[in-house]
Amino acid sequence: MNAATRRGDQAARAANSGLVHDFGLLIKAATRLEQRIDTALRRECGISHTMLEVLIRLCRKPGEQVSQRRLAEDLTLTSGGITRLIDRMEEAGLVRRVPSPDDRRSILVEPTDHGRTVFPQAAAVHSHVVERYFVTPVARDDYPRLTGALSDINEALRDSTD
């Protein structure tokens, strides 16, 4: 067996490994679920899934204002990405920017009345899609284990310094 054949065999073993396969399933499922949620939200509410994620953070506590920096961290977006997203949401009348009373360099974001009106409808659409494609396909007894495992993974990634 020549070196090229050995490298080809090694590459095939790596590409067909159980870990590669299992992680691929996770990514495909998450991507497809995200697409289903985004499509339903755009069709029924006129907003993207990412916009809903911003509204979730802004509507958790009435009257709360959240910094763009915190939103970017929560959504794992760059500062430029969150700026463009908030620009679009502001143009759609969903949020408004306000100066921080504590830090002149910081901009806070709050939902508008329109954003607070759109949010419950969008949350219901989101819940319906999640129930149908994330909860229902999993056996009732397995669901707590699934969400517990996802929480453990998230925690390990959050605490990691890699």
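1. Let us start with a word we will need: a contact means heavy atoms within 4.5 Å of each other. Among contacts in the protein chain with a separation of 6 or more, 47% are between residues 24 or more positions apart. Please keep in mind as you read that this is a predicted model.

2. Next, the overall layout. What pattern does the protein chain follow along the sequence? Reading along, you will meet α-α-α-β-α-α-β-β-α-α. That gives seven helices and three strands.

3. Now the overall dimensions. For a compact globule of 162 residues, the radius of gyration would be near 15 Å, but the protein chain has 21 Å. Taken along the principal axes, the box filled by the C-alpha atoms is roughly 70 × 40 × 30 Å.

4. A look at the surface and the interior comes next. About 11300 Å² of the protein chain is accessible surface, and carbon and sulfur atoms account for 53% of this. Of the 162 residues, 27% are buried; here, buried means under 20% relative accessible area.

5. Charges deserve a point of their own. The protein chain carries 24 positive side chains and 23 negative ones. How far apart do the centres of the two sets lie? They are 4 Å apart.

6. Let us turn to the sheet. Some background helps: strands of a sheet pair through backbone hydrogen bonds, in a parallel or an antiparallel way. In this model, three strands form an open sheet in the order β1-β3-β2, and the pairing is antiparallel. β1 and β2 stand at the edges with a single partner strand each, so one side of each has no neighbour in the sheet.

7. It is worth tracing the pairings one by one. Strand β1 (residues 66-67) is joined to β3 by two bridges, and these strands run antiparallel. V66 has V109 in β3 as its bridge partner. Strand β2 (residues 95-99) is joined to β3 by five bridges, again in an antiparallel arrangement. Here P99 has I107 of β3 as its bridge partner.

8. Finally, have a look at β3 itself. Why is strand β3 described as largely enclosed by the rest of the structure? The strand spans residues 107-111, and four of its five residues are buried, so the rest of the structure largely encloses it. To find β3 in the sheet, look between β1 and β2 in the order β1-β3-β2.

How values were computed: Residues numbered from 1 in each chain as written. Predicted model: local features only at pLDDT ≥ 70, side-chain atom pairs only at ≥ 80, totals over all residues. Heavy atoms only, no water. Rg over C-alpha atoms; globule rule 2.2 N^0.38 Å. Buried < 20%, exposed > 50% of the residue type's maximum accessible area, 1.4 Å probe, protein only. Areas by Shrake-Rupley, 256 points an atom, 1.4 Å probe, with all protein chains shown as cover. Lys, Arg positive; Asp, Glu negative; His and termini not counted. Charge placed at Lys NZ, Arg CZ, Asp CG, Glu CD. Pairing = 2+ DSSP bridges.
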